[in-house]
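Q: Please take a close look at one part of this model, and then set it beside a few other places in the chain.

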Amino acid sequence: MGLYLFRLPDVGEGVAEAEIVAWLVKVGDVVEEDQNLAEVMTDKATVEISSPVAGTVTAIHGEVGGMLPVGAVLVEFESVEGSDSVAAPSPAAPSAPAPVAASVKPEPVVQASASTAPVKSATMPTPAFRSTSGRSTGEAPLAAPSTRRRALDLGVSLVQVPGSGPAGRITPDDLEVYLAQDGKAPAGGPSRVARTGVNDTRIIGLRRKIAEKMQEAKRRIPHINYVEECDLTELEALRLDLNEHRTADQPKLTLLPFIMRAMAKALPDFPQVNALYDDDNGVLHAHEGVHIGIATQTPNGLIVPVVRHVEALDVWDCAREVSRLAKAVRDGTAGRDELSGSTITLTSMGPLGGIVSTPVINHPEVAILNPNKLVSRPVIDGSFITVRKMMNLSSAFDHRIVDGYDAALFVQRVKRLLEHPALIFMD
């Protein structure tokens, strides 16, 4: 047996540092070769770092949310004699990290660079006493906000709940098992008591990347918002009819594929809208191809996969691609080329779309469209009042590039195509 210093490896593409998103082991754990030790995030991907040796963890370096440079010591092992481990690299040569198997899970989000916060390195001592919950005395329990909310509603203290997740994290199943075994749930439901607790959560990983991206977009881009209402009665009737008569290999149509096709039809007359603005160099890159980013909510946050060359797709192709990409980002299997390269973004919350919204532009794009909720409303038609399917179309434009008049013209063009859906299918 001997000491083995495992350094943060080079995960490729010139990455100089990475953020520690989660520790999957703790001091005292006995790990096998190729067992995952930690999850780290670069500005392009989340990477699972696995152990090159079998042994006992004697120290881990870096806090969750902290940055660690490539070549810095990540984990110290007491390696098992007879394993395939090699002599520990010299601390004087951090530029030659040990080889490691890394499973890359691309993260969509952001084109912002990683934070350059100072590195905090800490060696975690083995606790002298651990409670029945698997945590050190006084150590705050780890749990998702939804789990904390359910425990609070049931009057259960998470300090008493054993956690089976990484680093003792309490899962929803752990909470249910605890309730079933100890019967702590109040028989009469949650009591009405004043809540005085404050839960502090460090914003790290994907959530921090999203925050940085949104801050950068609002700081750099002077937004102009424009909202127009659209009568989608004819389009909705067409959509329902197409869904009723679709074949087995055709996906179910939502409104998004029609809006995507309307955008692709309108954008050639507004090249400054389908563009990326390099404001550092003062260059506008107007694209002929229409690559629409579809803002997609996932358990990990908002991710924007890209449907490429919408101008060459029909509504069925658009629906098929939106469905495929949404599944890929939620499963964490989307590739990097599917998460970048958009020229304009479409975001929608479906039935939760509200009356109006002020979407944030996905920098360096210059425009974003946000269809709101489709509702039946009374509308004056000549001398009569009739009920129509109405939807507001909210939008935002980079006012440095797109004048208000041009923004209004573009939205009006999209509105005409949606209100007269036959035009979407005409060449």
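A: The answer starts with one helix and then turns to two loops.

This is a predicted model, in which local features need pLDDT of at least 70 and side-chain atom pairs count only at pLDDT 80 or more, while totals for chains, interfaces and linings use all residues. Residues are numbered from 1 along each chain as its sequence is written, and side-chain values use heavy atoms, with hydrogens and water left out.

Helix α1 spans residues 145-154 (helices are DSSP runs of H or I, at least four residues; strands are runs of E, at least two; both are numbered from the N terminus). Its buried residues are T147, A151 and L154 (buried means under 20% relative accessible area, exposed over 50%, partly exposed in between, with a 1.4 Å probe and protein chains only). Seen down the axis of α1, these buried residues fall within an arc of 65 degrees, so they line one face of the helix; the arc is taken from the directions from the helix axis to the C-beta atoms. An α-helix has 3.6 residues a turn, so residues three or four places apart point the same way. P145 and S146 are exposed on the other side of α1. Just after the helix, G155 has a positive phi of about 75 degrees.

S51 sits in the loop between β5 (45-50) and β6 (55-60). S51 counts as buried because its relative accessibility is 1%. Leaving out residues up to four places away in sequence, S51 touches V31, E32, E33, D34, Q35, L37 and F77, where contact means heavy atoms within 4.5 Å.

I355 is in the loop between β16 (344-347) and β17 (367-381). At 65% relative accessibility, I355 counts as exposed.
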